[in-house]
Structure formats: C-alpha cells, structure tokens
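Visitor: Could you walk me through the inside of this one?

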Amino acid sequence: MPSLFKNEPADDIPAATNPVCAHCGDPCGTGSPEEDGKHFCCTGCLTVFSILRGSDLDEYYAIENKPGLKPNQPGLGDRYAYLDDETIKDALLDFNDGTRSRITLSIPQIHCSACIWLLENLYSLHKGIVSSRVDFSRRELAVSFAPDQISLRKLVELLASIGYAPEIKKTDMGDKRPDKSFRRLYGNLAVAGFCFGNVMLLSLPNYFGLDWLIKSNIGTAINILKIALSLPVVFYSAHDFFSSAWHGLRQKQVNMDVPISIGITILFSRSLYEILIPGQAGFMDSLCALVFLLLIGRLYQKKTYRTLSKKGDFQSYLPIAVIKKEGDREITIPIDNLKAGDHILVRNQELIPADSNLEKGEGHIDYSFVTGESAPVTVSAGEKLYAGGRQIGAAIELAVIKKPSQSYLMQLWSQTAGAIKDQPQLMTLATKVSTVFTPTVILIAIFAGIYWLQYDGARALDAATAVLIVACPCALALSTPFALGTAHRLCGRSDLYLKDSNVVERLARISRIIFDKTGTITQSGAEKPQFKGNYLSDENKRLIYSAVRQSTHPLSIRLGNYLHEYEPLPVDQFEEVTGRGLKAFIAGHDILVGSHRWVCGKEDTEPGSSRIYVSIDGKTLGSFKFANLFRKGLRELVENLKKLYPLVLLTGDTDAEKKRIIDIFGEGTEMRFRQSPHDKLAYVHDRTMKGEQVLMIGDGINDSGALAAASVGITVMESDATFSPESDGILKAGNFRMLPRYIDLSRDCLTIIKVSFGLSFLYNAVGLYFAAQGALSPIIAAVLMPASSVTVVLFVTLMTFYRAGRRGVI
Amino acid sequence: MEIMIVLIGFSLVVAGGFLIAFFWALRSGQFDDLFTPAMRMLFESRRKGRSKKTESGESLHGNGDI
C-alpha cells in the first residue's frame with residue numbers, strides 16, 4: 001500500500017541529503033540498503049527490485065518514475081494458507097479444468113501504466129502463468145495459470161511479494177458473472193441504429209412524393225423491407241422499455257416507459273395496418289428513430305463509476321477462512337464451516353469472525369467496526385468477545401460460542417438490511433410527471449376518437465392513434481437522462497464520483513444533512529503530530545517507535561503509525577501505567593513516553609492538551625501533539641448549508657471537542673455524541689420514515705449503515721486507495737469545501753429538467769394540434785419527433801454545462 | 001428500375017455484415033474495457049519477441065479475445 005506520508009519526509013530530516021528509494025520513491029533513512037548505486041528505503045523494496053531484474057522486467061522502472069509499491073513488511077507466513085483449501089479455491093476460480101485455471105483478482109494498488117505492464121508480463125516471473133490481463137478501471141487482474149505448476153496460493157503470494165497483494169473477500173466467492181448489461185445495451189443500440197438508417201433511406205420516396213416509384217413493384221418491396229427492418233427494433237431493441245413499463249405497472253407506478261411503450265405499440269400496429277391494407281407509407285421511420293434516440297439517452301445515463309458499483313455488504317469485511325485448532329494442529333477452514341465449540345486462533349490485525357470466549361492470551365480488541373470507538377478494549381481470558389472486533393497485538397485463542405451467521409453483529413446487520421428495504425422509495429420527477437401525463441393523453445385520444453365518430457367514422461381511429469403517437473414522450477424521456485447524466489459527468493470531473501446519475505436528482509431533493517465527525521469534517525490519517533522540542537535523531541525516533549508499539553493506548557498507536565517506517569528494536573523491559581504513560585528499557589536506553597507529569601515529574605503548564613512527552617535516558621526531548629484539524633473551508637461550508645438545510649452531527653466520539661464544534665456549527669445544531677454505528681443508522685432510518693430525504697456524509701466503516709440507509713450517502717476519502725464503505729458517492733477530501741456547489745448544481749439541474757418538460761409539452765401540443773384533426777402525415781411525425789428530441793437534449797445539456805460553470809463546479 | 005431491388009438488397013447485406021461484425025466484437029468482450037487498451041498500446045513495443053500471450057491463443061474473456 002502506498003504510504004500516507006509518501007513524498008513527505010519527516011519534519012526534521014533534511015530531505016535533500018537523503019536519496020529516495022529507486023523502487024517506491026520514499027525517502028531512504030540512514031543505513032538503508034543499497035545495490036548497484038541505487039538506494040532503497042527498505043529491504044522489501046530491494047527484494048522486489050531484485051525479483052524484477054532477475055526476470056528481465058526492469059523495464060518497469062522506465063515506464064513511470066518510481067512506480068513501485070512497498071511489499072508487506074512481515075513475511076507472508078501462512079497468511080494465504082487458506083487458498084490451498086479445495087472448497088475455497090473452487091469458489092474463487094472463474095474456470096478450472098485441472099490443467100488450466102483462471103481467476104479474476106481485485107488489486108486496488110494498480111495505479112499507473114507501469115503496473116499494467118508489469119502485471120501483464122507476469123508470465124516472465126513464473127512459467128506456470130500463461131497470461132494475465134489488467135482491467136484498469138476496475139483495478140482487476142485476470143490470470144490464466146497452470147495449477148500443476150503454480151498453485152493459487154503461490155500465485156497470490158507471488159503477487160504479494162512484488163507489492164500487488166490482491167484483496168480477496170468473502171463476496172468474491174461463488175457466482176461472479178461479470179456485468180453484461182452494457183453489452184446488451186450496445187447491441188440494442190446497434191440494431192436500432194442500423195434499422196433506423198435503412199428505414200429512413202427506404203422512406204425517401206415518400207418524403208419526396210415519388211408516387212410513380214411508390215406505386216410500382218419497387219414500392220411494394222420497399223414496404224416489405226420496412227416491416228422486416230422494424231421487427232428487430234420493436235422486439236429486440238425496445239424490449240427493455242416494455243419490460244420496465246410492465247415492471248413499473250406491477251408495482252403500481254406509471255413510469256416514463258409506460259407512455260413510451262404505448263407509443264411504440266400504437267406506432268407499430270398502425271404502420272403495419274397502413275402498409276399491409278391500404279398500402280400507405282406508415283410510420284416505421286419515426287418508430288425506429290424514437291427507439292434509437294431513447295436508447296442513446298439510456299446509454300448516456302448508464303455511465304457509472306465502476307469502483308462504486310462493487311457490492312460492499314457486511315460479509316465482505318469478514319475473513320474468508322479462519323485457523324482452527326485441533327489438538328496441537330492448526331488447520332485452515334472456510335468461515336462457513338465454523339461451528340460452535342471450535343477453537344480458533346486470531347492473530348494480530350485479524351477480525352474476530354464469531355461471538356466467542358477468550359481462552360488464551362490477552363485481547364486488545366478494536367471494536368470501531370461495531371461501536372465507532374477506536375480505543376481498544378482490554379479483555380482477559382474467560383471473557384466474551386463479539387464478532388467484528390479486531391485483535392491488536394499477540395495472537396489469541398478463542399472458543400466459538402455461536403456460528404458466524406448467528407453472531408450479534410450479523411443479526412444487527414440483517415435487521416438493518418430489512419429496515420432499509422422497508423423505507424419508502426423516492427418517486428422520480430419523471431415518474432411523477434408520467435403519472436399525470438399518461439392518463440391525460442389517453443383521455444385526449446378517447447375524446448378525439450369520440451369527436452370524429454360523430455362526423456367521419458373512418459377517421460376516428462386515425463385521430464385517436466395519432467394522438468397517442470404524437471404524445472409519445474420522446475423529448476420528455478430524453479431530457480432527464482441528459483440533464484442528470486451531464487451533471488453526473490461534471491461532478492466526476494471535479495472529483496465527486498456518484499454511483500449513477502439518479503443520485504443527482506436525489507441530491508437535489510434532500511431536506512437534511514448529517515455529518516460524521518472524525519475523518520469527515522476533520523482530517524484523518526494524515527494528522528501529523530507536531531513535535532515541539534529539540535532535534536529528534538533517527539536513532540531516537542527508532543527507540544520511541546520500539547517503545548510505543550508495545551502499547552495499545554490510542555495515542556501510542558497514532559504515534560506508532562507516524563513512526564512506522566523505522567525498524568523496531570527488541571524491548572528488554574516494558575511497563576505501562578494507565579492514564580500516565582509507559583516506561584521501557586531498549587538497547588541500553590531508558591525511555592519514558594507519556595503525560596507531562598509522567599515524564600517531567602510536574603504538572604503540565606498547558607493542561608487539557610493531548611501532548612505526549614518523551615524522554616530518553618532522563619533527558620526530556622520534547623513533546624508530540626495530535627490535533628483534530630477541521631477540514632479547510634468547513635466554516636464557510638457550514639455557513640452556506642445552514643441557510644438551506646437543518647444540519648446534524650453524529651459522532652462516535654465523546655463530547656470533549658463540543659466547544660470547538662459549536663464554534664463552527666453554531667448553537668442550534670443538533671449534535672449527538674457516543675453514537676454507535678447502529679445509533680447512526682437508526683437516526684437516519686427514523687428521519688427517512690418520517691418522510692425526510694437525508695444526505696449522510698461519512699467516511700468509515702462505522703458509518704456504512706447510515707450511508708446505506710440515507711437517501712444519498714457520500715463518503716469522504718483522502719485517497720482512492722483507501723477502503724470505502726458502500727455509498728452513493730465518493731468525494732475526494734480535497735474538494736470537501738465544494739459540497740454546497742454540487743448540491744446547488746443538482747438543484748439547478750432539477751429546474752432545468754422542469755423547464756425542458758415545459759418545452760416538450762409545447763412540442764406535444766403542436767403535434768396534438770395536427771393529430772386531433774386526424775391530419776398527422778408520416779412526414780410531420782418523422783420531422784417532429786427527432787427535431788423536438790434533439791432541441792430538448794441540446795437545451796438541457798448546454799444549460800447544465802452553463803450552470804455548472806456558474807456554480808464553480810467546473 | 002427493377003434493378004433497384006437487387007441493389008437495395010445488396011446494400012442491406014453489406015451493412016448487415018458490418019452489424020454482424022459489430023456483434024462478434026461485442027460478444028468477444030472488445031467493448032468491456034475501453035480504458036486499459038489505450039494505456040497498453042503505449043508499451044506494446046517494449047518486449048519484442050516475447051509475446052507469449054498471442055501464441056497460446058488462450059482467452060481470458062471468452063471467445064477469442066486477445
């Protein structure tokens with residue numbers, strides 16, 4: 001994984017004197033490995049470099065400048081042992097016939113063209129690998145290999161050893177047919193376009209009024225061809241409109257596809273009748289144009305950001321396999337085979353898969369996934385542990401009480417899923433309009449028919465069908481996808497990636513905004529401690545790191561994360577006093593880390609600040625300070641949004657920083673502290689059931705329930721390599737202050753759609769004027785339909801661009 | 001003028017051929033990933049004489065896609 005501190009050398013090391021790693025570009029410390037005049041920041045990077053050079057793959061370094069990824073520092077050991085299990089293997093492989101296997105692996109680290117090049121030349125590293133192919137936008141690698149020469153486990157370990165450790169999740173198992181709906185849409189569109197062009201050409205004699213040609217044998221042949229060409233349009237290309245209309249009607253919704261389906265049916269049957277019985281021209285050209293244009297709209301709207309479409313349900317956080325203890329043996333079993341009464345081993349940084357009792361070892365469990373509180377809980381033997389906690393520290397042995405599927409956490413989440421399903425779905429604007437529009441048009445058609453029955457019976461059916469044809473809401477149906485689709489693309493261009501274009505409409509209609517605190521309105525991860533004091537040498541930093549990594553105190557962990565690039569030294573003595581600090585004896589040095597009182601022996605002159613003081617061999621060197629930095633522009637953002645929406649702050653933290661928050665959000669803002677993920681979800685759910693449209697802005701796994709339940713859930717992310725829970729959109733942290741602009745744009749977009757609806761009603765009225773008189777000629781229909789659609793599409797697209805420019809989104 | 005019918009038929013067959021070609025391309029997965037090939041071609045020439053991929057004829061995405 002790329003380091004958070006990439007290209008940011010630690011404060012007091014002058015960057016210029018230190019060479020950077022030839023593999024990953026990180027600064028090299030003193031005494032770092034060196035080979036062939038090239039410097040490396042760690043032995044891991046050097047190993048990767050040697051592997052690649054040994055296989056003639058050093059071209060990798062020529063494609064991009066220092067593209068390398070740091071391999072995982074500790075040895076892989078049996079981390080991937082579960083990949084030897086037959087059931088797991090079968091479930092993960094796409095294809096296997098004994099001599100040839102194929103697997104698609106998700107590798108989020110893929111970031112540049114050198115990655116593609118290296119991963120597609122994997123066969124040079126091992127002869128068992130037949131071929132490999134990267135899908136860059138999905139960050140996926142498809143590998144074909146010979147399982148008798150390289151096992152799946154060896155393959156994955158090979159990838160991990162060069163820094164591209166695949167992410168293997170439980171949801172990868174079982175059926176994973178790739179999404180083929182794009183292919184279907186392209187196919188529909190190709191057929192519609194092909195038939196549209198040809199039918200239009202075949203209709204030229206009608207447009208020019210070449211009666212002698214129409215009445216000859218050629219005319220008859222042309223008519224037959226027109227019917228033949230429109231059949232695939234109606235029965236293949238337009239199939240999705242019919243099925244969507246039918247689906248909508250069954251859910252008692254008159255969506256936009258209902259009047260479209262009526263229009264297509266009437267157009268086709270009337271044309272069929274006209275061509276076959278009186279031998280007239282029919283409207284086949286309009287029919288094909290209609291379907292073709294509507295499909296273009298579909299395609300425009302369909303663009304999604306693929307990384308967002310991945311299913312990120314709760315199961316994907318659980319490990320695929322667990323280590324079971326049978327007597328003295330340790331065997332790896334799939335998590336589904338875990339039963340109550342089994343004894344399992346959970347190592348450092350691993351999730352507890354099921355509710356269980358602690359048998360052996362000391363548990364320091366980080367329950368942030370369950371409770372939102374990231375300070376680890378200390379658990380001693382005999383006590384109960386819940387699934388979803390993460391062990392930090394030495395391996396522990398557990399006795400399983402309940403199967404993973406019956407764990408407390410699992411039950412909580414299945415309740416969640418049920419609650420979200422019951423929430424009322426927001427009716428889209430287009431559906432709302434269609435609900436009124438469709439019956440109105442049918443009524444007009446009936447009246448036109450009845451009216452003409454009194455004067456000219458023969459024209460009654462003509463007039464009624466003509467009304468239905470003209471009213472087919474082509475322009476109406478196109479304006480929404482183009483307006484939302486354009487806004488969707490423009491947001492993506494300025495780093496707000498929305499799942500699909502419908503999110504833009506939902507965003508425009510929100511009535512309440514909920515913020516998470518840590519990581520959302522404050523900067524997370526990158527919080528670099530400020531060091532106050534004398535110069536801190538590398539050797540001293542290494543000593544401090546070796547000491548603090550023994551401790552599970554949240555501040556120690558944060559300091560440890562900051563110093564993690566140093567190689568730890570063996571600790572000879574260690575003692576920690578809760579609430580004060582720690583004392584360690586390492587490599588002949590006495591190290592004290594902790595509060596002012598612990599280190600300096602007297603009360604702090606600056607009470608209340610969360611400073612960590614350090615002293616080595618009795619000499620106080622200075623202090624580190626961590627502060628939650630609010631994101632840039634937060635104050636301005638809150639000022640803007642407060643005028644429009646009620647704001648709410650839900651946080652898992654204590655109310656220690658309440659004052660600072662009130663200073664920014666103002667007195668009246670609703671704030672809830674110590675909220676567990678389930679509390680957050682319950683709050684969002686409750687508001688939604690009351691009919692509110694909630695925008696939830698969060699960042700971590702503990703917000704995932706609330707993000708899923710909200711009308712729109714947006715995740716704020718520092719970099720695209722970090723984990724994100726399932727949500728409707730991802731906002732790059734650097735653009736956080738632009739949030740009000742996106743909301744403004746989405747509201748503008750809705751206004752533009754409304755105006756365009758007015759425009760298309762106008763076109764419909766003109767068409768209806770001809771139609772109700774029973775005077776709709778094929779040529780009027782053929783001109784009116786595309787002309788109205790194209791002008792409406794142009795209008796909404798240009799207007800959306802214009803408003804986006806005005807709002808400062810692009 | 002009867003020859004027109006033959007000509008129209010002929011033009012439809014030609015155009016239909018392209019439609020079929022498009023469907024073949026679509027089904028073989030050529031439209032599944034529109035981004036990576038653009039990057040791949042930048043270093044196509046980099047390891048000459050070692051294009052084992054094409055020799056094997058092995059496909060990753062189904063029918064004959066390489």
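Guide: What follows covers the cavities and then one residue.
Guide: This is a predicted model, in which local features need pLDDT of at least 70, side-chain atom pairs count only at pLDDT 80 or more, and totals for chains, interfaces and linings use all residues. Residues are numbered from 1 along each chain, chains are lettered from A, and side-chain values use heavy atoms, without hydrogens and water.

Visitor: How many cavities of 30 Å³ or more are there?
Guide: There are eight, where a cavity is a set of points on a 1 Å grid over the protein atoms alone at which a 1.4 Å probe fits but cannot get out, and a volume is the space filled by probe spheres set on points joined across faces, edges and corners.

Visitor: And what lines the largest cavity?
Guide: The largest cavity holds about 140 Å³, and of its 15 lining residues (an atom within 4 Å of a point) the closest to its centre are Val470(A), Asn764(A), Leu784(A), Met785(A) and Ser788(A).

Visitor: Which helix gives the most to that lining?
Guide: H28(A) does, with four residues; helices here are DSSP runs of H or I, at least four residues, numbered from the N terminus.

Visitor: New topic: is Leu267(A) buried or exposed?
Guide: Leu267(A), found in helix H11 (residues 257-276) of chain A, is buried (under 20% relative accessible area, 1.4 Å probe, protein chains only) because its relative accessibility is 0%.

Visitor: What is Leu267(A) in contact with?
Guide: Leaving aside neighbours within four places in sequence, Leu267(A) has contacts (heavy atoms within 4.5 Å) with Phe283(A), Leu287(A), Leu290(A), Ile469(A) and Met785(A).

Note on methods. 1 Å grid on protein atoms, 1.4 Å probe; cavity = no way out; pocket = protein on both sides within 12 Å on 5 of 7 lines; lining within 4 Å. Helix = DSSP H or I, 4+ residues; strand = E, 2+ residues; numbered from the N terminus. Buried < 20%, exposed > 50% of the residue type's maximum accessible area, 1.4 Å probe, protein only.
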